[in-house]
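Trainee: I'm new to this one. Could you pick a single part, take a close look at it with me, and then show me what surrounds it?

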Amino acid sequence: MTQTRIPKRTFDAVIVGGGGAGLRAALQLSQANLKVALLSKVFPTRSHTVSAQGGITAALANVSEDNWHWHMYDTVKGSDYLGDQDAIEFMCRNALPAVYELEHMGLPFSRLDNGKIYQRPFGGQSKNYGGEQAIRTALLHTLYQRNIAARTQFFEEFFALDLIRDDEGYVLGVVAMEIETGEASFFEARATLLATGGACRIFRHSTNAHINTGDGLGMVLRAGLPLEDMEFWQFHPTGIPEVGSLITEGVRGEGGILYNKDGEAFMPHYAPNAKDLASRDVVARAIAQEIRAGRGCGEHGDYVHLDIRKLGAEKIKARLPGIRELSMQFAGVDPIDAPIPVTPTAHYMMGGIPTNLHGQVVSPVRTGPEEAVPGLYAVGECACVSVHGANRLGGNSLLDLVVFGRAAGQHVIEYLRENPFPRSVSEERLNLALHRLARWEKPKGTETVAGLRGEMQKIMQDHCGVYRTEALLKEGLELLDKVQARLPDAALADRSRMFNTARLEALELENLLLIARATLVSALARTESRGAHTREDHPQRDDDHWLRHTLYFRQNDQLDYKPVRLKPLTVETFQPKERTY
């Protein structure tokens, strides 16, 4: 039965997403005595942030000499100079206070013998602007408990459907469905913050949880707003084949070495200085090239080996217990006795919802390239403040969450002071949001959600992976057209309301298809190789034409562009140069 009326719940701010970014922003707001609703489609401590293995990056200098400016250089270089340098400086400068703030909240960091926070080497991290390897990398239950204490109101197992905007472009809240009952509610708020995580489930092989379906990104596209730099998807070099479970970069930080089928440690050929701790895109391409050259391991030659046996049983058990368990459970290998099979796997999206340093969503709709959308914020992996540019450094994602989650929370407080009263909402706009639910109540169709989703994931894996060409991308877009054209003929066998996961997966598929399309269109347009975007037909980086961000709009697959912000806040610009490791 179609729902015709929407109950309304009113808050000062509503946050969609219960991972690290959403929890950090919510804490900032609840501690300011604001009425905050946090919606999450899973219990917050099951959000994907909990899967992070490597740690949070900050130049603490607990193990060796370090400073934030070196960290900034590594992040700019790692981004292949597509990262916005003002945002990167802001993040790296605020890394130390952010980590110490977490420590004071009670976050149980691993410790050195002297009691200081433990740090390990990580890919792409250096001392003295590209010199020797830096040791930097050091979350979720602590933030959740703090939010409980601050009286954040949690709405667990609620699925956000659509943003509600008025005629002047203000975002007035979200319509969300309670998964338990299947009923929709309008969460009215003067400020809405999206922290819905990534969307790597557009690919067949992914390290991401199955909940990472880009729901916030779909909502933004349907609201007529753009997504930024959607061609840039990081393929983590070391995922377990088929399963997708991640073997953290920290394994190589502890001394793990990559070998091909001939027993050759091949990374010195690709990155003579950093070797196995080169940036992720460099290592992923190196593994892909070894496999393509016929030097892959296994029956099908489709992976390489990551060997940590030389560390010894005691060190593996002490430093990498979770990795040993993953390896034994999903690869059937005890890394104490045998090398771990690994292959590049979709891991992280560098692009997303365009934002500024304060987490405000920005769009070129009105007067300039970055006009703030009133009442709308985004933080975490779903957002693109562009600290990661064309390639994210390991450990910077958790830092991104806490630094910009805090900054967005602070700005929301100021915004709410300036906008003390809610704006009127038209019933017509609320009813439009119900159409997504009503569409899945039709009784018959020849297509299945699982079938269409599987086809989309195979298209993206085959046509938009580590290596891309114009022909591959065009073919992928044509195939995706056909899948999208069949979506209206999809129907659900189960149309009940309560805990209908089939309905949830159908709504997720609508988001995934939009994001897959944005990715293919953006990747086809960028005729260069930069960071994680590798075009075999355009192998060179082209700073003359492509030192700019892509903006994708859903209507007519429209593309727009805006310049990379090369000017930092207080220091000199790191000028683009050849990126070597």
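Mentor: Right after helix α2 comes aspartate 80, and its phi is positive, near 55°. Before going further, this is a predicted model, where local features need pLDDT of at least 70 and side-chain atom pairs count only at pLDDT 80 or more, while totals for chains, interfaces and linings use all residues. Residues are numbered from 1 along each chain as its sequence is written, and side-chain values use heavy atoms, with hydrogens and water left out.

Now, back to α2, residues 68-78. Helices here are DSSP runs of H or I with at least four residues, strands are E runs of at least two, and both are numbered from the N terminus. At the N-terminal end, asparagine 67 acts as the cap, with a side-chain oxygen 2.8 Å from the backbone nitrogen of histidine 69. Ten of the eleven residues of α2 are buried, so the helix is largely enclosed by the rest of the structure. Buried means under 20% relative accessible area, exposed over 50%, and partly exposed in between (1.4 Å probe, protein chains only). Among the buried ones are His69, Trp70, Tyr73, Asp74 and Lys77.

Let's follow aspartate 80 outwards. Asp80 belongs to one network, joined by salt bridges that share partners, which also includes Glu231, Asp281, Arg285, Arg541 and Asp543. A salt bridge is a side-chain nitrogen of Lys or Arg within 4 Å of a carboxyl oxygen of Asp or Glu, and the structure holds 42 of them. In one, the side chains of arginine 541 and aspartate 543 meet at 3.1 Å, N to O. Arginine 541 is partly exposed, with a relative accessible area of 24%, and aspartate 543 is partly exposed too, at 27%.

Tyr73 of α2 leads somewhere else: the nonpolar cores. Each is a set of buried Ala, Val, Leu, Ile, Met, Phe, Trp, Tyr and Cys residues joined through side-chain atoms within 4.5 Å. The largest has 82 residues, and those touching the most other members are Leu39, Leu163, Val175, Phe187, Leu194, Trp233 and Ile353. Helix α16 (residues 501-525) gives this core its largest share, 13 residues. Tyr73, though, sits in a second, separate core of 50 residues, which also includes Leu27, Met91 and Tyr377.

Helix α16 has a salt bridge of its own: arginine 517 pairs with aspartate 557, the closest N and O atoms being 3.0 Å apart. That pair links distant parts of the chain, 40 residues apart, with aspartate 557 in the loop between β18 (548-553) and β19 (558-563).

How values were computed:
Polar contact = N/O pair within 3.5 Å; in protein donor to acceptor, adjacent residues only side chain to side chain.
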